[in-house]
Amino acid sequence: MRLLVTGGCGFIGSNFISHWLSGHPGSEIVNLDLMTYAADMRNLEEAEGRGCETVVGDIADRDLVSRIVRDVDAVVNFAAETHVDSSIMDSAQFVHSNVIGVHSILEACRKHEKRLHHVSTDEVYGSLGPGEGRFTENSRYAPMNPYSATKASGDHLVRAYFNTYGIKATISNCGNNYGPRQHAEKLVPKTITNAMLGRKIPVYGSGRQIRDWIHVWDHCSAIEAILEKGRLGETYLVGASNEMENINVIKSILRTMGKQDSLIEHVADRPGHDARYALDPSKLVKETGWICRYGFEEGMKATVDWYLKRIGS
Ligand SMILES: NC(=O)c1ccc[n+]([C@@H]2O[C@H](COP(=O)([O-])OP(=O)(O)OC[C@H]3O[C@@H](n4cnc5c(N)ncnc54)[C@H](O)[C@@H]3O)[C@@H](O)[C@H]2O)c1
């Protein structure tokens with residue numbers, strides 16, 4: 001099996017490459033990554049030379065993508081601009097990578113008749129109220145910020161290419177990931193880093209926003225399960241059924257680190273901040289047999305240890 005993984009120097013892509021190579025010895029991965037500020041070559045230290053080769057380039061470069069896709073069996077698309085705050089400041093690069101980039105991959109998969117798994121987010125479904133149940137694969141798309149709008153556009157293109165051209169595609173929409181290798185701009189690494197340095201930890205508004213937190217390795221095993229057992233043309237929600245308020249995620253990290261809650265500093269809320277995301281993963285579990293392995297407490301403790309080691313090294 002030869003895979004094209006895009007965005008493999010980022011958080012989830014690099015964890016997926018490690019996961020895949022461990023479970024599929026002898027397989028090969030081409031990682032296509034633009035090496036934006038979010039990429040870190042250290043994330044692939046153990047994978048490079050063990051079946052993974054990195055090409056620096058843009059998923060929106062149609063000639064390059066077509067050349068690579070021609071010689072692989074399947075594509076897993078992680079590459080994206082991912083920081084909601086940055087998309088609010090300027091969304092041009094989000095449209096480029098998350099919409100034009102997806103279109104370029106779809107064209108290559110159409111031309112060379114290759115399998116695609118497209119990685120997306122629960123944010124495409126917008127915001128839930130407190131008593132509103134959870135997102136399912138049938139929930140209506142209602143993106144509320146430029147990041148989620150571009151991810152929703154990418155998903156729509158994938159679905160349209162399946163319906164129109166019959167390309168062999170699946171989509172997954174996952175909740176908030178935590179685990180090793182995430183960029184320091186995101187909530188979990190930022191909390192750990194600031195707490196370690198004794199700096200204030202900024203929290204948007206009340207911090208009562210609810211997210212459905214999953215360990216990145218559980219996300220990776222879900223993508224593997226969909227690649228191997230998912231039905232073409234289908235979408236699968238990936239979640240750990242672990243709804244938590246952001247403020248409680250931060251407090252849990254501080255507890256693990258033996259730090260005081262007084263480090264928390266409430267700042268002005270993000271414009272259009274979604275109140276709650278929650279996903280129902282029943283379809284994924286039923287159709288692929290996927291099992292969520294990491295509990296939040298143990299997963300977060302290992303995550304904290306990992307960042308402390310990286311910051312200290
Ligand atoms: N982090 C989460 O909690 C989460 C949750 C659900 C879904 N997702 C989705 O998972 C995917 C990966 O997220 P992440 O958190 O690992 O992101 P990340 O920001 O850590 O990494 C993104 C990677 O994509 C690369 N990239 C960006 N634009 C590119 C382009 N045009 N061409 C080639 N490479 C490009 C970057 O250099 C980087 O290495 C994204 O599609 C994201 O929408 C993330």
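These questions and answers go through a predicted model, from its cavity to its salt bridges, surface patch and loops.

Student: How many cavities of 30 Å³ or more does the count give?
Tutor: Rolling a probe the size of a water molecule over the atoms shows where empty space is left. With a cut-off of 30 Å³, the count comes to one cavity.

Student: How much space lies in the largest cavity, and which elements give two or more residues to its lining?
Tutor: The space is about 40 Å³. Its lining includes Val158, Arg159 and Phe162, as well as Ala169, Thr170 and Ile171. Gly233, Glu234 and Thr235 line it too. The elements that give two or more residues are helix H5 (146-165) and strand S6 (169-174).

Student: What is the make-up of that lining by class?
Tutor: Val158, Phe162, Ala169 and Ile171 are among the lining residues, and Ala, Val, Ile and Phe count as nonpolar. Arg159 and Glu234 also line the cavity, and Arg and Glu count as charged. By class, the lining has four nonpolar, three polar and two charged residues.

Student: Which residue meets Glu234 in a salt bridge at 3.7 Å, N to O?
Tutor: Glu234 lines the largest cavity. At 21% relative accessibility, Glu234 counts as partly exposed. Its partner is partly exposed as well, with a relative accessible area of 43%. That partner is Arg231.

Student: Which residues are linked with Arg231 and Glu234 in a network of salt bridges?
Tutor: Arg231 and Glu234 meet through their side chains. The network also takes in a Lys and a second Glu. These are Lys283 and Glu287.

Student: How many salt bridges does a search of the whole structure find?
Tutor: The pair Arg231 and Glu234 is one of them. The pair Arg270 and Asp85 is another. The search of the whole structure finds 16.

Student: How many residues apart in sequence are the parts tied together by Arg270 and Asp85?
Tutor: Their side chains meet in a salt bridge at 2.7 Å, N to O. Arg270 lies in the loop between strand S12 (264-267) and helix H9 (282-288), while Asp85 lies in helix H3 (residues 84-89). The pair therefore ties together parts whose separation in sequence is 185 residues.

Student: Is Arg270 buried or exposed?
Tutor: The cut-off for buried is under 20% relative accessible area. Arg270 has 17% relative accessibility, so it counts as buried.

Student: Which residue meets Glu243 in a salt bridge at 2.8 Å, N to O?
Tutor: Glu243 lies in strand S11 (residues 243-245), and its partner in the loop between S12 and H9, so the pair ties together parts that are 33 residues apart in sequence. Glu243 is partly exposed at 35%. The partner is buried, with a relative accessible area of 7%. It is Arg276.

Student: How far apart in space are Ala278 and Thr121, C-alpha to C-alpha?
Tutor: Ala278 is found in the loop between S12 and H9. At 0% relative accessibility, Ala278 counts as buried. Ala278 and Thr121 are 157 residues apart in sequence, and their distance in space is 11 Å.

Student: How far apart in space are Val84 and Phe94, C-alpha to C-alpha?
Tutor: Val84 is found in helix H3. Val84 is buried, with a relative accessible area of 6%. Val84 and Phe94 are 10 residues apart in sequence, and in space the distance is 9.7 Å.

Student: Which helices each supply at least two residues of the nonpolar patch?
Tutor: The patch covers about 290 Å² and is made by Met196, Leu197, Leu308 and Ile311. Ile311 has its place in helix H10 and is partly exposed at 32%. The helices are H6 (187-197) and H10 (296-312).

Student: What is the phi of Met35?
Tutor: Met35 lies in the loop between strand S2 (28-33) and strand S3 (52-56). At 30% relative accessibility, Met35 counts as partly exposed. Its phi is a positive value in a residue other than glycine, near 55°.

Student: And what is the phi of Ser241?
Tutor: Ser241 is found in the loop between strand S10 (235-238) and S11. At 46% relative accessibility, Ser241 counts as partly exposed. Its phi is positive, near 50°.

Definitions and conventions:
Residues numbered from 1 in each chain as written. Predicted model: local features only at pLDDT ≥ 70, side-chain atom pairs only at ≥ 80, totals over all residues. Heavy atoms only, no water. Patch = residues over 30% accessible without salt bridge, like charges linked within 9 Å, V, L, I, M, F, W, Y side chains within 5 Å. Areas by Shrake-Rupley, 256 points an atom, 1.4 Å probe, with all protein chains shown as cover. Salt bridge = Lys/Arg side-chain N within 4 Å of Asp/Glu carboxyl O. Helix = DSSP H or I, 4+ residues; strand = E, 2+ residues; numbered from the N terminus. Buried < 20%, exposed > 50% of the residue type's maximum accessible area, 1.4 Å probe, protein only. 1 Å grid on protein atoms, 1.4 Å probe; cavity = no way out; pocket = protein on both sides within 12 Å on 5 of 7 lines; lining within 4 Å. Points joined across faces, edges and corners; volume = space filled by probe spheres on them.
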